[in-house]
Amino acid sequence: STRPLWPCIWRIAETFGRELKMSLSVTVKSASNLPNVERFSKSDPMCVITYQGVKKKTGVIDNNLDPEWNETLEWALEAAPSTSENLKVEVYDHEKIGRNKLLGTLDLSLREVIQKGSHSVHSALKSKKGEIMQSKIMLELHYTAPPGAGGGDGGDDG
């Protein structure tokens, strides 16, 4: 007797369904020239990225003012993002006791990544007071648009 094909077809459809979902991913590559806020060693940086109120963070790199994370953070999207939306990027000195200290921030527009599908960022961070710092951060952004929806591969600017 032959086995029905449906379970197999269903599994393939399910896999493709997952593959085709919209997503936004940010690879936090590295930072350079971060301020040292420690008294006896160097800062222990970690990066926190907030999109639509959802925070994701990298691991902590101990004792390093030029950290290389190479970590990818991903958000599954229910709806296509707007080109006017921003990502909030924050780099902190991780504290084992007490609050983490803010080392620098960056507000990043999603316009480029939505229009092109991917976007590389090498940008200066700002201090808590909003001053541009010598510190820089490197990020790689990717947007996966739903099939046939435009965007992610050019898109239209409506």
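pLDDT is the predictor's confidence in each residue, on a scale from 0 to 100. The structure described here is a predicted model, and the mean pLDDT of the protein is 87, with 80% of its residues at 70 or more. Confidence varies among the elements: helix α1, spanning residues 6–19, has the lowest mean pLDDT, at 57, and β2 has the highest, at 98. Over residues 153–158 the pLDDT stays under 50, and the model has nine contacts beyond four places in sequence for this stretch.

The largest nonpolar core comprises 31 residues, and those that touch the most other members are I49, L87, I137, L139 and L141. Two or more residues are given to this core by each of β1, β2, β4 (68–76), β5 (86–93), β6 (101–109), α2, β7 (118–126) and β8 (132–144). The most is given by β8, which supplies five residues. In soluble globular proteins, nonpolar side chains tend to be buried together. With neighbours up to four places away in sequence set aside, L87 touches L24, V26, I49, T50, Y51, L106, D107, L108, L110 and L141. Two of the residues touched by L87, namely I49 and L141, are also listed with L87 among the core residues that touch the most other members.

L24, one of the residues touched by L87, is found in strand β1. The relative accessibility of L24 is 1%, so this residue counts as buried, the cut-off being under 20%. Beyond four places in sequence, L24 is in contact with Y51, L73, E74, W75, L77, L87, L110, V113, H142 and Y143. For the pair L24 and L73, the separation is 49 residues in sequence, while the C-alpha to C-alpha distance is 8.5 Å.

Two serines of strand β1 were also examined. S23 lies in this strand, which covers residues 23–32, and S23 is buried, with a relative accessible area of 11%. A polar contact of 3.3 Å joins the side chain of S23 to the side chain of E74. Apart from neighbours within four places in sequence, the contacts of S23 are E74, W75, L77, H142, Y143 and T144. E74, W75, L77, H142 and Y143 also appear among the contacts of L24. S30 has its place in strand β1 as well. The relative accessible area of S30 is 14%, so S30 is buried. The contacts of S30, again leaving aside neighbours within four places in sequence, are P67, E68, W69, K136, I137 and M138. Among these contacts of S30 is I137, which is one of the residues that touch the most other members of the largest nonpolar core.

The salt bridges come to two in number. In one of them, E95 is paired with K101, and the closest N and O atoms are 3.3 Å apart. The partners in this pair fall into separate accessibility classes: E95 is buried, with a relative accessible area of 17%, whereas K101 counts as partly exposed at 36% relative accessibility. The other salt bridge joins the side chains of K116 and E112, with an N to O distance of 2.7 Å. Both K116 and E112 lie in helix α2, which covers residues 111–116, and they are four residues apart, about one turn of the helix. K116 is exposed, with a relative accessible area of 55%, and E112 counts as partly exposed at 31% relative accessibility.

Backbone geometry was considered at two loop positions. Most residues other than glycine have a negative phi. N33, a residue other than glycine, has a positive phi near 60°. N33 is found in the loop between β1 and β2, the latter covering residues 45–51, and N33 is partly exposed, with a relative accessible area of 44%. Q52, likewise a residue other than glycine, has a positive phi near 50°. The position of Q52 is in the loop between β2 and β3, where β3 covers residues 54–57. The relative accessibility of Q52 is 55%, so Q52 counts as exposed, the cut-off being over 50%.

Technical notes:
Residues are numbered from 1 along each chain as its sequence is written. Side-chain values use heavy atoms; hydrogens and water are left out. Buried means under 20% relative accessible area, exposed over 50%, partly exposed in between (1.4 Å probe, protein chains only). A polar contact is a pair of N or O atoms within 3.5 Å; within protein, one must be able to donate a hydrogen and the other to accept it, and residues adjacent in sequence count only if both atoms are side-chain atoms. Contact means heavy atoms within 4.5 Å. A salt bridge is a side-chain nitrogen of Lys or Arg within 4 Å of a carboxyl oxygen of Asp or Glu. A nonpolar core is a set of buried Ala, Val, Leu, Ile, Met, Phe, Trp, Tyr and Cys residues joined through side-chain atoms within 4.5 Å.
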